[in-house]
Amino acid sequence: MNTEKIIKAGQIAKQVKEYARTFIKKDMPLIEIAEKIENKIIELGGKPAFPTNLSINEIAAHYTPSHDDETKAHGLLKIDLGVHINGWIADTAFSMDLENNDENKKLIQTAEKALENAIKIIKEEISANEIGKTIQKTIESDNFLPIINLSGHSIEQYELHSGITIPNIDDNKNQVLKKGLYAIEPFVTTGNGKVYEGKPSGIYSLKNIKPIRSQTAREILNFIEKEYQTLPFCSRWLVKKFGTKSLFALKQLEQADILHQYPQLVEISKRKVAQAEETILLEKDKIITTN
Ligand code: MN
Ligand code: MN
C-alpha cells in the first residue's frame with residue numbers, strides 16, 4: 001500500500017467533489033459535467049480511475065455520457081467519480097436533487113446517514129456483515145430500502161473492486177476486514193431494492209489480452225493496455241483520442257472477449273435511487289481519504 005498516493009488521490013477526489021457541487025445545475029448536458037470533472041482531476045495531478053458515472057433517477061449506476069450524448073442533468077442525479085495516482089484509487093459519490101423534490105432530498109439524506117453510520121463502525125477485524133447490518137437498519141428506519149445487489153468493496157492498486165464485498169444489507173457472511181482500502185457505498189431507493197442489468201453503458205475494462213487482426217483495434221488495445229491497464233474506461237475517451245473509428249474497434253474487441261462492457265444498472269421497479277460513497281483507509285488509524 002502506498003499511503004502517500006492513496007491520501008493524495010483522496011484529497012483530489014474531495015476537491016473535485018466540492019467543485020462539482022458548485023457547478024452542476026439542472027439542464028446542464030451530462031457530457032459537460034463529466035468533462036469538467038475529469039479535466040479537474042487531471043488539473044489537480046490525478047487521473048480518472050474510471051469514467052465519471054452520472055446516473056439519473058432509477059439508473060443506480062454505470063451511466064456515463066457517450067461522445068454524442070444529449071442527455072441533460074435532471075431528477076435525482078448520482079455523481080460517482082474516481083481518481084488514481086499510479087493505480088492508487090479514491091472512489092467517491094454523492095447525489096443531488098435537481099428538482100427541489102422532498103422525496104429526492106430524503107433519499108439523499110438517508111444515503112448519507114447510512115454512509116456516516118457505516119464509517120463510524122468500520123475498523124480492522126469488524127465483519128463486513130456488521131457494516132451491512134448498520135446500513136440496512138439506517139435505511140429501513142427511514143422507510144426506504146437498500147439495494148441488495150450493489151455493494152461496497154475493497155480496493156487494491158489498479159483494482160477498483162478487489163476481493164472483499166461490503167454489503168448494504170445483513171448478508172449473514174462472515175468476512176472479516178483486515179488493514180486495507182475500502183469503499184462503502186449505500187444505495188437507497190423507494191423501489192424494490194434490487195437492480196437489473198440494462199443497456200450497454202459504453203464503460204469497458206480489459207479482460208484478457210489476445211491477438212486481434214484489425215490494425216485499428218490493435219492500436220486501440222495497445223493504448224488501453226498502456227493508459228488504463230485494468231481500470232475501467234469509456235468509448236467517449238477513445239472517440240476523443242482516435243475519433244469515431246474507435247467505436248467499431250471497441251465492438252470487435254468486445255466480440256473477441258478482450259474487453260468486458262458493463263451494463264447500466266437499473267432499479268427493478270424503476271423507482272428513484274440515491275447513493276453516497278467514501279473511500280476509507282484502515283491502517284493504524286482510520287482515514288476517510290475522500291473527505
Ligand atoms: Mn464509486
Ligand atoms: Mn465504489
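This report looks at a metal site and two nonpolar cores in a predicted model.

**The metal site**

Let's begin with the manganese ion (ligand 1). Its donors come from Asp80, which appears twice with OD, from Asp91 (OD) and from Glu277 (OE), at 2.1 to 2.4 Å. Along the chain, these donors follow the spacing D-x10-D-x185-E. There is a partner to find as well: the manganese ion (ligand 2) lies 3.2 Å from the manganese ion (ligand 1), and Asp91 coordinates both.

Where do Asp80 and Asp91 sit? The table shows the strand that holds each residue.

| Residue | Strand | Residues in the strand |
|---|---|---|
| Asp80 | strand 3 | residues 76-85 |
| Asp91 | strand 4 | residues 88-97 |

Asp80 and Asp91 are eleven residues apart. Are these two residues buried or exposed? Both Asp80 and Asp91 are buried.

**The nonpolar cores**

Now turn to the largest nonpolar core, which has 27 residues. The members that touch the most others are Ile24, Leu30, Ile33, Ile37, Leu77, Ile79 and Val83. Two or more residues of this core come from each of helix 1 (3-23), helix 2 (30-43), strand 1 (47-56), strand 3 and strand 4. Helix 1 gives the most, with six residues.

Ile33 is a good residue to click on. Leaving out residues up to four places away in sequence, Ile33 touches Phe23, Ile24, Met28, Leu54, Ala73 and Leu77.

There is also a second, separate core of 25 residues. Among its members are Leu107, Ala114, Ala118 and Phe144.

Key: Residues are numbered from 1 along each chain as its sequence is written. Chains are lettered from A and ligands numbered from 1 in the order in which they are written. This is a predicted model: local features need pLDDT of at least 70, side-chain atom pairs count only at pLDDT 80 or more; totals for chains, interfaces and linings use all residues. Side-chain values use heavy atoms; hydrogens and water are left out. Donors are N, O and S atoms within 2.8 Å of the metal (3.2 Å for Na, K and Ca); water is not among the atoms, so sites may look incomplete. Helices (H or I, at least four residues) and strands (E, at least two) are DSSP runs, numbered from the N terminus. Buried means under 20% relative accessible area, exposed over 50%, partly exposed in between (1.4 Å probe, protein chains only). A nonpolar core is a set of buried Ala, Val, Leu, Ile, Met, Phe, Trp, Tyr and Cys residues joined through side-chain atoms within 4.5 Å. Contact means heavy atoms within 4.5 Å.
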